[in-house]
Amino acid sequence: MNKGVARHHLVIGAGGLLGRAIVARRDETNQATLKVSGLDWGNDDAVRAGLTIGVSQILRHASHDPWVVHWCAGRATVRSSEQESVHEMGLLRQLLGVLETMMTPEQLIRGSLTFASSAGGVYAESVSPPFTELSEARPNSPYGRAKLASERLLADWCRSHDVRLLVGRIASLYGANQNLTKPQGLLSHLVRAALLREPLTLFVPLSTTRNYISVGDAAAMQLVHEEQDFEGIRVANVCASENTSVASLLHTCELIVRRRIPIRQLVARAPSTEIRDLRIGTIYGGIASSVARTPLHVGLSQLIDTARRSIALSNVS
């Protein structure tokens, strides 16, 4: 890919937590971004039509320039069923089919794909944490297995079409736009419980350790990796510099809101996919340190401020 030539970016899933952050990060530097969002992911025909429109935009804007498609779409979580997880892999196949149908080989080789994978999903049963890109990926859920299978699907396709690929294995994301209807996003649920003085239900022990990264930092890191002059395929863990226990999260949040947060533990009913030690690291320390990092207490304070405003507005209305 030619250095110094403008790359045209298309974000699929631009309305989601990560997709929106990637668009915002590019907006900060006055870089236009093409977007696909608001699709009915349960309707395959609608998805294919939306992907076709997105790829048409890339073809119209890029001409002979390099292009990048970011796959940030998906509704599945670690608790999703086999059917739900495999279905999302089918949506990814649709994208590859649309690219292959609409682009010539000469247009394809000017392109790059990025894929938002899941560090927690693919490393769930890996051994010897913290897990880096050198660790063997060993998922233990349909969601994790589908993510790893999607990585391999993309790698095979990109090799055969000479398209660059960045797989970002992303740690636990948090941010102001977290979808609270999903059974994930512990920090957002923690903040809500703290402000509304409602019990927080925990399905894991307080010693459970995860890697939490602000969505802004994750988007920045994903983009920095993509901008690197690498050939072929890169797998990179997108993670914060520190790993944190649930107990530490609770303590930090209580210090910020200045009150105790009631918790209800249902550890005995925790899904078998919940792993206690999911510390994540990366071999790309130089790239990670080049991105402005948000300390967890700062990110948590920002979540609390945003939630306070949201609650105040809902009370007014």
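Select T282 to begin: in this predicted model, its relative accessible area is 24%, which makes the residue partly exposed. T282 sits in the loop that runs between β12 (263-265) and α10. Display the residues around T282 and, leaving aside neighbours within four places in sequence, you will find T132, E133, N237, C239 and A288 in contact with it. With side chains shown, a polar contact of 2.7 Å can be drawn from the side chain of T282 to the side chain of E133, and a polar atom of the T282 side chain also lies 3.0 Å from the backbone nitrogen of Y284. For a sense of scale, draw a line from the C-alpha atom of T282 to that of V68, a residue 214 positions away along the chain, and the separation reads 23 Å.

Go next to P129 and P130, where the peptide bond from P129 to P130 is cis, with omega near 5°. P130 belongs to the loop between α5 and α6. Two further backbone features can be visited on the same theme, since most residues other than glycine have a negative phi, and most peptide bonds are trans. Select S63, which has a positive phi of about 55° although it is not a glycine; S63 is placed in the loop between α2 (44-62) and β3 (67-71), and with a relative accessible area of 45% it is partly exposed. Then select R197, another residue other than glycine with a positive phi, here near 55°, in the loop between α7 (186-196) and β7 (200-202). Is R197 buried or exposed? R197 counts as exposed, because its relative accessibility is 60% and the exposed class begins over 50%.

From these loops, turn to two acidic residues in helices. E151 is in helix α6 (residues 142-161) and is buried, with a relative accessible area of 7%. What does the side chain of E151 pair with? Its partner is the side chain of R169, through a polar contact of 2.7 Å. Beyond four places in sequence, the residues touched by E151 are F115, S117, V122, L165, V167 and R169. The other stop is E226, in helix α8, which is buried because its relative accessibility of 1% falls under the 20% cut-off. Showing the surroundings of E226, again without residues up to four places away, brings up R7, H9, V68, S112, T114, R164 and L166.

Now colour the nonpolar core residues. In soluble globular proteins, nonpolar side chains tend to be buried together. The largest nonpolar core here holds 36 residues, and L18, I22, Y123, L173 and I213 are those with the most contacts inside it. Helices α1 (17-28), α5 (119-122), α8 (215-227) and α10 (285-290) each contribute at least two residues to this core, with the largest share, 7 residues, coming from α8. Centre the view on L18 and, apart from residues up to four places away in sequence, it touches C72, A116, I170, L173, V215, A218 and A219. Another core lies apart from this one and has 32 residues, including I12, W41, A155 and V167.

The last part of the tour concerns empty space. Select the second largest pocket, which has a volume of about 340 Å³; it is lined by 17 residues, of which A21, G175, A176, V215 and G216 are the closest to its centre. At least two lining residues come from each of α1, α8 and α11 (296-316), and α1 provides the largest share, 6 residues. Coloured by class, the lining of the second largest pocket shows 7 nonpolar, 7 polar and 3 charged residues.

Finally, look for enclosed space, where the count comes to 3 cavities of 30 Å³ or more. The largest cavity has a volume of about 110 Å³. To see its walls, select W71, A73, A76, S85, E88, M89, L92, F115, Y143, A146, K147 and S150; the elements that give two or more residues to this lining are α3 (82-102) and α6. The lining of the largest cavity divides into 8 nonpolar, 2 polar and 2 charged residues.

How values were computed. Residues numbered from 1 in each chain as written. Predicted model: local features only at pLDDT ≥ 70, side-chain atom pairs only at ≥ 80, totals over all residues. Heavy atoms only, no water. Helix = DSSP H or I, 4+ residues; strand = E, 2+ residues; numbered from the N terminus. Buried < 20%, exposed > 50% of the residue type's maximum accessible area, 1.4 Å probe, protein only. Polar contact = N/O pair within 3.5 Å; in protein donor to acceptor, adjacent residues only side chain to side chain. Contact = heavy atoms within 4.5 Å. Core = buried A, V, L, I, M, F, W, Y, C linked by side-chain atoms within 4.5 Å. 1 Å grid on protein atoms, 1.4 Å probe; cavity = no way out; pocket = protein on both sides within 12 Å on 5 of 7 lines; lining within 4 Å. Points joined across faces, edges and corners; volume = space filled by probe spheres on them. Nonpolar A, V, L, I, M, F, W, Y, C, P; charged D, E, K, R; others polar.
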